[in-house]
Amino acid sequence: MARVLDTGNHFAGDVLALAGEANRGARGAICGAYPITPQTEIVEILRDFQFTKGRVVPVESEHSAMAVCIGGSLAGARSFTASSSNGLAYMVENIFAAAYYRLPIVLIGVNRTLGPPWNIWTDQGDTLMLRDAAWLQFYTESHQELVDTILVAFRVAEDRRVLLPALVAEDGFVVSHTQMVVDLPEQEQVDRYLPPCNVPHRLRGKGVTVGGMTFPHETEKHRWEIQQAMERVPEVLAEALDEFEKVFGRRPHGALSAEHTEDAEVILVACNTMARTLRRAVQRRRAEGQKVGMIKAKLFRPFPRKEFLRAIGPAKRVGVLDRNHSPGSGGIFWNEIAATLQGRSDVLLQDYLVGLGGGDVTPELIDEIFDDLAARNQAADPVWKEVPA
Amino acid sequence: MTTSAYLREQRDLADGILRPGNTNCAGCGMSIGLQWLEQALENERPTLCIPACCGIVTAGSFPTSAYGVPTVATTFASSAAVATGVASVYAMNGEKDLTICWTGDGGTYDIGVATLSAAAERNEDLLYVCYDNEIYGNTGGQRSSATPRGVKTSTTPKGKAEPKKDMMAIMAAHRIPYAATLSVAHREDFLRKVRTARRTKGFRFLLMLSPCPTGWKSEPEDSVDLILTAVRCGLFPLYEVFEGRRYRINARPDGEPLESYISRQRRYRSELLDLDALRAGIEAQWAYLEAMERTFPAGEHE
């Protein structure tokens with residue numbers, strides 16, 4: 001394993017290439033590639049990589065990028081691509097189709113604000129738009145976690161008990177375009193970690209029609225089967241992490257990371273790089289003797305309700321940092337956590353909309369939110385922080 | 001016929017592209033096209049990528065399918081991109097299976113045109129067949145950009161004002177190895193062109209005028225004769241384009257009047273029907289094709 005200094009996007013491209021190359025002994029690798037800021041280096045790296053058995057197709061749109069992945073995956077190859085923001089929005093029809101075909105495609109979502117107004121900075125609204133698309137969703141906080149989670153995502157998605165596509169999110173620019181030192185896996189390790197990709201329902205010359213018409217009761221069963229597959233994810237993810245530790249000697253976070261929550265009175269929840277800033281704030285307050293904790297939200301689909309309830313522990317105040325917004329409702333993580341906390345009227349849950357459109361979520365802002373939450377007697381509507389007057 | 005010969009025949013039928021028993025309308029040109037495609041490809045078992053169109057309704061409902069070969073029901077705009085993925089993975093695994101896009105005019109002229117153009121520009125090793133019934137058929141007959149001028153559809157109640165898009169010219173402009181038009185009234189020509197397409201490497205485009213009694217408001221038994229008439233009156237030229245530059249015309253108009261095509265389809269009974277404009281369009285198209293064939297003829301052995 002080499003210690004390498006590079007950007008999040010370069011690492012994401014490198015790891016997708018390693019994963020694709022690892023399937024050279026099986027049916028190879030396929031990728032439909034289309035550029036969008038801030039994802040572009042990922043497809044550039046993939047186009048430049050010399051696969052033993054693989055092809056990266058330079059298509060004319062995100063919609064076709066996912067379509068190529070669908071066709072390639074149906075023909076049995078390991079399949080992956082990357083996009084951002086409006087590119088993901090353009091891809092949506094085939095994103096849903098990929099899951100409904102039960103294809104284990106891995107998609108890197110480099111978080112960027114949906115426009116207009118045009119804005120290239122990070123905001124999780126683009127990938128959270130895909131909340132109901134039957135994809136697994138992982139949110140990563142650092143370059144190392146991005147590298148590790150991409151490999152874990154392939155392993156979980158391709159597991160026969162799951163067979164659903166997986167999205168791995170990284171913050172645009174904050175991760176995609178900054179450099180960090182990472183333990184970059186070797187091909188031989190990835191070969192050991194990822195079993196050959198086996199799409200059991202791939203095209204095999206038989207007279208079978210994939211994706212044809214079904215009536216309501218069969219469609220309902222199809223959706224129920226997807227829910228069953230989602231419910232098997234925690235078990236499959238735990239195994240994938242055990243195996244990861246054996247091969248790579250480190251263990252990435254699982255569905256979430258609960259930190260200082262055992263005796264915490266106040267907990268803040270955040271995903272992606274916001275979690276790193278939050279961690280500093282928690283550590284400083286802990287050093288001052290305050291009983292605060294945090295939950296780094298990583299797996300968003302399936303949403304880990306049980307782990308969440310366990311992680312909250314005795315805390316009676318939970319605040320959510322949402323760098324996304326569902327207009328007419330509030331933050332999307334907050335909505336999930338509110339559903340998770342049904343029946344827990346003892347817990348005050350407050351949503352904070354922060355850093356929308358890529359604004360900095362600073363340690364000072366997090367301090368302000370900790371103070372606000374500690375002083376509240378009851379929850380209010382989602383609070384907009386830092387909206388200019 | 002002996003029992004075993006009968007059973008063998010039945011089994012062969014079941015293994016073909018189109019199995020017996022489907023719900024296509026009587027007089028549907030696409031059904032003829034699928035059967036002739038199968039005859040032209042003999043014992044081959046292609047993979048079909050079919051977007052939203054009557055061609056996927058043909059399959060019927062899960063778990064049965066009228067298609068006896070591997071078939072993917074793709075999203076509407078995606079058949080050429082899904083097929084790119086399928087064909088790429090077959091090729092990288094040394095498999096010779098032919099991948100075919102089987103699409104309607106909506107998926108070709110309209111929503112799928114960017115995907116089609118991109119696959120053609122990349123010269124993907126695909127056979128793309130458009131069965132063009134000049135209408136959104138299974139949604140109940142709305143106009144597409146393949147609908148001819150003067151035709152009444154559910155979204156052009158007075159008749160369509162704009163002329164039909166020239167898809168062959170668009171595909172020729174991509175300089176793809178082979179493009180040709182297909183008629184369900186000219187079987188030998190149809191089979192020969194499918195076989196030429198099969199032999200050719202790279203992107204191949206076949207455009208079939210597909211009679212649709214339901215949408216054309218015509219009689220099912222007239223379907224094949226309507227296409228024969230369309231060829232004879234010059235409305236639907238049969239021709240081939242090699243590398244997007246060399247032309248061969250396969251049949252010329254023989255003086256059959258346009259009215260014998262128009263009068264048997266109630267879709268043409270519209271306020272905006274302008275026979276002179278249609279005739280002028282046909283003449284201009286023939287002047288263009290004749291000039292192209294004269295100036296850039298296909299090679300003798302093409």
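Student: How many helices and strands does chain A have?
Tutor: The model is a predicted one. In chain A of this model, the secondary structure comprises 13 helices and 16 strands.

Student: Which radius of gyration does chain A have, set against that of a compact globule with 389 residues?
Tutor: The C-alpha trace of chain A spans about 65 × 50 × 45 Å along its principal axes. For 389 residues, a compact globule would have a radius of gyration near 21 Å. Chain A agrees with this, its own value being 21 Å.

Student: What percentage of the contacts in chain A with a separation of 6 or more is due to residues 24 or more positions apart?
Tutor: Burial may be stated beforehand: of the 389 residues of chain A, 56% count as buried. Among the contacts with a separation of 6 or more, the share from residues 24 or more positions apart is 81%.

Student: Which element supplies the largest share of the side of chain B that touches chain A?
Tutor: The contact between the chains involves 32 residues of chain B and 39 residues of chain A. On the chain B side, at least two residues each come from β2 (71-73), α4 (79-92) and α6 (113-121). By class, that side has 18 nonpolar, 13 polar and one charged residues. Its largest share, ten residues, comes from α4(B).

Student: Which residue of β2(B) stands opposite A:Val210?
Tutor: Strand β9 of chain A, residues 209-210, is joined to β2(B) by two bridges, and the strands run parallel. Within β2(B), the residue opposite A:Val210 is B:Val72.

Student: Is strand β3 of chain B largely enclosed or exposed, and why?
Tutor: The strand covers residues 99-103, and five of its five residues are buried. B:Thr99, B:Cys101 and B:Thr103 point one way, while B:Ile100 and B:Trp102 point the other way, and all are buried. In a regular strand, side chains alternate between the two faces of the sheet. Because five of the five residues are buried, β3(B) is, with respect to the rest of the structure, largely enclosed.

Student: Which residue of β4(B) is the bridge partner of B:Ile100?
Tutor: Strand β1 of chain B (residues 47-50) is joined to β3(B) by three bridges in a parallel arrangement, and B:Leu48 has B:Ile100 as its bridge partner there. Four bridges join β3(B) to β4 of chain B (residues 127-132), again running parallel. In β4(B), the partner of B:Ile100 is B:Leu127.

Conventions: Residues numbered from 1 in each chain as written. Chains lettered and ligands numbered in written order. Predicted model: local features only at pLDDT ≥ 70, side-chain atom pairs only at ≥ 80, totals over all residues. Contact = placed C-beta atoms within 7 Å. Nonpolar A, V, L, I, M, F, W, Y, C, P; charged D, E, K, R; others polar. Pairing = 2+ DSSP bridges. Rg over C-alpha atoms; globule rule 2.2 N^0.38 Å. Buried ≥ 20, exposed ≤ 12 C-beta atoms within 10 Å, placed from the backbone.
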